[in-house]
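Work through these exercises with the model open beside you. Try each task before you read its solution.

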Amino acid sequence: MWGGSIQGVTTTPRRCWGVGMTAATTDLLDRLESALRAGGDAPRKRMLVIVNPYASTVSDRLKHLVVYALRGTYDVEAVETQSRDHATELTREAARGGYDVVVAFGGDGTVNEAANGLAGSDTPLTCLPGGRANVYCRMLGIPTDVVDATEHLLRMADDWRPRSLDLGFAGERKFLFSAGLGLDASVVEQVDAHPRLKQRFGEWYYAVTAVRTFNRHYLVNPPRLEADLGEEKLTGVTMLIQNTSPYTFFGERPVHFGEGATLDSGDLSGVVLKRASPIDIPTLVWRALSKPGRAAQHRQIQPFTGLTRMRVRSLDERAVPLQVDGDYIGEITEAEFGVLPGALTVVA
């Protein structure tokens, strides 16, 4: 059933990792041993940990150590993903298999795949940070440092409070916090095509790629979109749709576009960029990185909020790139977007 399982450790952790341990590893070992000493005979919750082996910020050694630490409190099964959308298949099986919780250990793409498999089930999702931005971890209040996040999950066993949160959807694909069409998704497509540069330079590689992509594809004759919001139609070159705020993070700084939607508000917010020009983009970026609401006041931005459903189509029949939760998923000429209130159970 579980292909790519991480093998359990049968000797003591300090024996296995005693050579070349980093300060973070030593710290986690100390916390693990404290947790093991404090453990009792209470029934353990069954936990499936889905690990993205290509997660950018965590070494193989630390991944195995985290799984060992969790086994001090939970009945853990750990498995590595082997291909795109594998996490979705695994979480669907986990929901049918009666697991008490699923942990997505990777970046936001891994968490998104896990959420797509658990949507509509009672099996809670939580996450451990393994990517660059770890947006959903931040939104759930989970630390972005993997050592702190592991300790957070260990404490969580004694304060178990699942809750229902909304999911957005873009056609058949669900998203946790955001989706983008146009320039935003074109940048994600280019960045995803170079994972080593993405891992090495992080948000700065996104910035350089954004400038290059804008100059090549959006400076002259960019693709045009129309968003049918029901009572009005908005046209532009890029559309950003949010299930919450902020839209994403640039390093430690939140990026603000649409305002109004929250993870449990039952609606969506976002913006349509009317046009992209060398004059407008720098001022828009500055506003997005400053206070909430500033970007929505930009002269080239058309904001919207309080929507539960909308339809977006290409006005010139050119296919437009689409990304969800920071992962490029393909091109579309038309798609329906909406919200599924309370569709995902989480615990954090």
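**Exercise 1.** Decide whether V237 is buried or exposed in this predicted model.

*Solution.*
Step 1. Take the relative accessible area of V237, which is 1%.
Step 2. Compare it with the cut-off: buried means under 20%.
Step 3. V237 is therefore buried.

**Exercise 2.** Find where V237 sits and which residues it is in contact with.

*Solution.*
Step 1. Locate V237 in the loop between β9 (233-236) and β10 (238-242).
Step 2. Leave aside the neighbours within four places in sequence. V237 is then in contact with L181, G182, L183, Y218, P222, P223, R224, L225, L273, K274, R275 and A276.
Step 3. Pick out A276. It lies 39 residues from V237 along the chain, yet their C-alpha atoms are separated by 7.1 Å.

**Exercise 3.** Describe how helix α8 (residues 183-192) packs with helix α10 (residues 203-218).

*Solution.*
Step 1. Read the geometry. The angle is about 120°, and the axes are 9 Å apart.
Step 2. Name the arrangement. Angles over 145 degrees count as roughly antiparallel and 65 to 115 as roughly perpendicular. The angle fits neither range, so α8 is oblique to α10.
Step 3. Add the handedness: the crossing of α8 and α10 is right-handed.
Step 4. List the residues in contact. Helix α8 gives L183, S186, V187, Q190 and V191. Helix α10 gives Y205, Y206, T209, A210, T213, F214 and Y218.
Step 5. Sort them by class. The contact of α8 with α10 has eight nonpolar, four polar and no charged residues.

**Exercise 4.** Do the same for helix α4 (residues 86-97) and helix α5 (residues 108-118).

*Solution.*
Step 1. The axes of α4 and α5 come within 7 Å and cross at roughly 40°.
Step 2. α4 and α5 are therefore oblique to each other.
Step 3. Their crossing is right-handed.
Step 4. From α4, the contact uses H86, A87, T88, T91, R92 and A95. From α5, it uses T110, E113, A114, N116, G117 and L118.
Step 5. By class, the contact of α4 with α5 has four nonpolar, six polar and two charged residues.

**Exercise 5.** Work out why the buried residues of α11 line one face of the helix.

*Solution.*
Step 1. Find the buried residues of helix α11 (residues 280-288): D280, L284 and A288.
Step 2. Look down the axis of α11. These residues fall within an arc of 65°, so they line one face.
Step 3. See what covers them. The cover includes β12 (253-255), β13 (268-273) and β14 (301-307).

How values were computed: Residues are numbered from 1 along each chain as its sequence is written. This is a predicted model: local features need pLDDT of at least 70, side-chain atom pairs count only at pLDDT 80 or more; totals for chains, interfaces and linings use all residues. Side-chain values use heavy atoms; hydrogens and water are left out. Axes are lines fitted to C-alpha atoms, for helices over the stretch in contact, and angles run from 0 to 180 degrees between N-to-C directions. Helices (H or I, at least four residues) and strands (E, at least two) are DSSP runs, numbered from the N terminus. Angles under 35 degrees count as roughly parallel, over 145 as roughly antiparallel, 65 to 115 as roughly perpendicular and the rest as oblique. A crossing is left-handed if the near helix is turned anticlockwise from the far one by less than a right angle, and right-handed if clockwise. Contact means heavy atoms within 4.5 Å. Ala, Val, Leu, Ile, Met, Phe, Trp, Tyr, Cys and Pro count as nonpolar, Asp, Glu, Lys and Arg as charged, and the others, Gly among them, as polar. Buried means under 20% relative accessible area, exposed over 50%, partly exposed in between (1.4 Å probe, protein chains only). The arc is that of the directions from the helix axis to the C-beta atoms.
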